[in-house]
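Q: I have a sequence and a model in front of me. Could you show me how to read some of the features in it?

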Amino acid sequence: MATQRETPRADASVDTHTSSSPSAANAKARPEVRYDPAEIETRWQARWAAQPELYAAEPATSRKPKYYVLEMLPYPSGQLHMGHVRNYAIGDALARYMWMQGYNVLHPMGWDAFGLPAENAALKNNTPPREWTQKNIAAMRVQMDRLGLSYDWATEVTTCLPDYYRWNQWFFLRMYERGLAYRKKSKVNWCPECQTVLANEQVINGYCWRHEETLVEQRELEQWFLRTTQYAQELLDGLDKLDNWPERVRTMQRNWIGRSEGATVGFAIEGRSDVVKVFTTRIDTIFGATSLQLAPEHPLIRAFADQDAELAKRVAALTDEQNHARESGDVGGIEKHGVFTGHYAVNPFTQERVPVWAANYVLLDYGMGAIMSVPGHDERDYDFASKYGIAIKRVIREKEPGEAPAPLPFASEDAVLVDSGEWTGLSCAEAQQKMTAFAKAKGFGEATVTFRLKDWGVSRQRYWGTPIPMLYCAKDGIVPVPDDQLPVLLPEHVEITQEGGSPLAKLPEFVNATCPKCGGPARRETDTMDTFVDSSWYFYRYTSAKDDTSPFDTNAVAYWFPIDQYIGGVEHAILHLIYSRFWTKVMRDLGLIRNDEPVARLFTQGMVIKNGAKMSKSKGNVVSPDEMIAQYGADAARMYALFAAPPDRDLDWQEDGVAGVSRFLARVYRFVVRHAELARSASRASAEASPAATMLLRKLHQTIRKITQDFGGRWHFNTSIAAIMELVNELTAADAAIAEGEVAPATVASILESLVLMLGPFAPHLAAELWEQIGRCDGVLRHAWPKFDEALAREDEIEVPVQINGKLRSLIKVSVDASRETLEASARADEKVQSALAAKTVVKVIVVPGKLINFVVR
């Protein structure tokens, strides 16, 4: 790999060949053909558009190895920016490379087309959401085509169309039949700006994921949920098999799923028949439990408050404090307040009375809404007990205590129990097992596994989404819409106000329906589905996008899945990627597919940064690819997106960089056109390589090797493009030698052919143009990727550092296979080394062939 000093600048646009020979002079005198990306790219896009089968995948019966490469589908906001271009350029380069490697490639694109922005636009511009969305899709397709992206539009999926969302409804009904879709009253996250419910994952630090300055509120509503928790353990276990996912993403999902092992223990309420169940991961500390703290909305607290007006008032204040903390996204940092209820529970291990408190930092929807407070061994409990004068006990200590025990709170598990009855002296780990078994034997507890992951709330009180296919009948209750009545269509003409809940509820023609069971009147569900439903399975639909009898062809899915390479932003690590994994497992259990996971290999690209912030429409710092294409060409815009930084790192936007890449492409164009006639007329007969030809062939094969390895490894496309630039530097430096016939025409033809093929994934328009210029007519996309010859790529000479007492003194050039003796002799013959060794005694010579020589002297 080239060092930073050696990496060529993209704007190095001056040809370096000079010669006084007549042939060279004549070549130089010929007027250079100007590189015109607008003309070249427009012409090639028209030719490609006339070949709809160009990017089409072969059927599942193909004998070629398959490769499914996919970038995450965009929301049709109406305008791509350079952040999108980077994402799509990565996938497009990979797709083109795999086609050239002989794979059967599926490279589709679609639109995540439901969602709130369409409603906002309808409100702002008086434009129906469907019209706004379809107009934006058309505009973005034009942009994608102008970038030369290799999508098979015959497989296009648009999630707001009935032929797609019909299957959302079909899946919902199958989940309802299996108890995976259910309705319950729940406290939900409500965005005042969206006027709808948000899933937990859509609340970021207390703010709406779309409206980053809008605090989320808490409301209690009847909601539809999908039982993601039924797959919690499998979702967690499956992460261990996803070796080709970024570890960062897997860690984020593990933390979100949040598996905890512990025990459930029941505390009987004194004087009542109630038993409060708590989950604890530290049953070994239960002898130190000196109170119970319950969420302000716990049913038992409500029961106490119903009998005590003063308590009710104080509990209501705790509830308000908790709601405000939820809305600000800082429940963990809430100032801890509590109210003693006047009631006591009985510790089942000690039989001691412990006071029951309501506490604002205990959440009803986390765990069991109640905790046993062990202030001696938990910092949060210690703070609460200290504030309210609750007893603090030590029940564990260090295994080998010093003169004084560790100060409280002491929370180590590498400890032993004290003052804990028959379990005193046991290690924490042993005590946890034995005390859990004791609780189970006595009937007041059991081993329990809990998960942080909650069921997925999918109800949204808005118009532009998939209607939930359920009815409410006075006689038969909740009734699913029959399959033969799908899709439940969204009405075309709806007034969008974003006030008073879903617009659908105000349409009698939509709401009023007939119960399919009893034939009587029924009310249609007016909530629509969370748009993450749409993106949870769209990539399966690509395999048979026009199927009107099923969500997809199961045989096609069996051939194409799992996705070989999925590309998108790390911001989707929890939301989209967990939901899509859940959906895949449900479809597998429905017998529709055989794969357990949707994606074999995941790549999360870095962001494009401008003015110190992520490029986004909301921040007003977007750069349109249209501007870059108009000024520099599509190839330059997409090649810059790959060249300016490694794909997994953030890219700091610099328009000068696009200009530099454009100048480099112009330089390539001029060089190839200058020698195109030589390549077209060259014989394919092999010729003896001159020194100049040998040098160029060596660099060529080193470049092929470098790029091939980059595509097969970590995708250092920036260094791949830098390698092409280095090759072009050497080619232009050898221009005079080529003109004077020192490089055989066959060699020139071979070099130009490989150069153009290597440009194919990065600058497809220019590659297509130059391919024809050198007389090739089979098309770059379907031509085989060039192969490197390891022998030709090997350097004849290498530079080896020479050190004296570990300090660099010189660099010497030696044969690549020089022996130890030759290396030492060459080093001693170097003038700088001789000077440094003068008047010194050489004690030892360390020679590492091909790496270094070190003289140890005194």
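A: What follows goes through strands, sheets, one residue and the cavities of this predicted model.

Q: Which way do the residues of strand 26 point, and are they buried or exposed?

A: In a regular strand, side chains alternate between the two faces of the sheet. In strand 26 (residues 565–568), Gln565 and Ile567 point one way, while Tyr566 and Gly568 point the other way. All of these residues are buried.

Q: How many bridges join strand 1 to strand 26, and how many join strand 26 to strand 27?

A: Strands of a sheet pair through backbone hydrogen bonds, either parallel or antiparallel. Strand 1 (residues 66–71) runs parallel to strand 26, with three bridges joining them. Here Val69 stands opposite Gln565. Strand 27 (residues 602–604) also runs parallel to strand 26 and is joined to it by three bridges. In that pair, Tyr566 has Leu602 as its bridge partner.

Q: What do strand 26, helix 16 and strand 27 make?

A: They make a β-α-β unit, and the unit is right-handed. Helix 16 covers residues 575–589.

Q: In what order do the strands of the sheet with strands 28, 29 and 30 lie?

A: The order is 29-28-30, in an open sheet with mixed pairing. Strand 29 (613–614) and strand 30 (651–652) are at the edges; each has a single partner strand, so one side of each lacks a neighbour in the sheet. Strand 28 (residues 608–610) runs parallel to strand 30, and two bridges join them. Val608 is opposite Leu651 of strand 30.

Q: What is the pairing in the four-strand sheet 6-5-9-19?

A: The pairing in this open sheet is antiparallel. Strand 6 (196–198) and strand 19 (456–457) form the edges; each has a single partner strand, so one side of each is left without a neighbour in the sheet. Strand 5 (residues 181–191) and strand 9 (residues 217–226) run antiparallel and are joined by ten bridges. One of the pairs is Tyr182 with Phe225 in strand 9.

Q: Turning to a single residue, is Ser373 buried or exposed?

A: A residue counts as buried when its relative accessible area is under 20%. Ser373 has a value of 2%, so Ser373 is buried. Ser373 sits in strand 15 (residues 370–373).

Q: Which residues does Ser373 touch, leaving out those up to four places away in sequence?

A: Ser373 touches Gly288, Ala289, Thr290, Ser291, Gln293 and Asp381. Gly288 shows how sequence and space can be read side by side: Gly288 and Ser373 are 85 residues apart in sequence, and their C-alpha atoms are 8.1 Å apart.

Q: How many cavities of 30 Å³ or more does the structure hold, and what lines the largest cavity?

A: There are four cavities of 30 Å³ or more. The largest cavity has a volume of about 70 Å³. Its lining includes Gly115, Cys194, Trp209, Arg210, Arg460, Arg462 and Asp530. By class, the lining of the largest cavity has four nonpolar, three polar and four charged residues.

Q: What lines the second largest cavity, and which helix gives the largest share?

A: The second largest cavity, of about 40 Å³, is lined by Phe671, His675, Leu731, Ile738, Val748, Ile751 and Leu752. Helix 19 (655–681) and helix 23 (745–759) each supply at least two of these residues. The largest share, three residues, comes from helix 23. The lining of the second largest cavity holds six nonpolar residues, one polar residue and no charged ones.

How values were computed: Residues are numbered from 1 along each chain as its sequence is written. This is a predicted model: local features need pLDDT of at least 70, side-chain atom pairs count only at pLDDT 80 or more; totals for chains, interfaces and linings use all residues. Side-chain values use heavy atoms; hydrogens and water are left out. Buried means under 20% relative accessible area, exposed over 50%, partly exposed in between (1.4 Å probe, protein chains only). Two strands pair if DSSP finds at least two bridges between them. A crossover is right-handed if, with the strands pointing away from the viewer, the path from the first strand over the helix to the second runs clockwise. Contact means heavy atoms within 4.5 Å. On a 1 Å grid over the protein atoms alone, a cavity is a set of points where a 1.4 Å probe fits but cannot get out, and a pocket is an open set with protein on both sides within 12 Å along at least five of seven lines; lining residues have an atom within 4 Å of a point. Grid points are joined across faces, edges and corners, and a volume is the space filled by probe spheres set on the points. Ala, Val, Leu, Ile, Met, Phe, Trp, Tyr, Cys and Pro count as nonpolar, Asp, Glu, Lys and Arg as charged, and the others, Gly among them, as polar.
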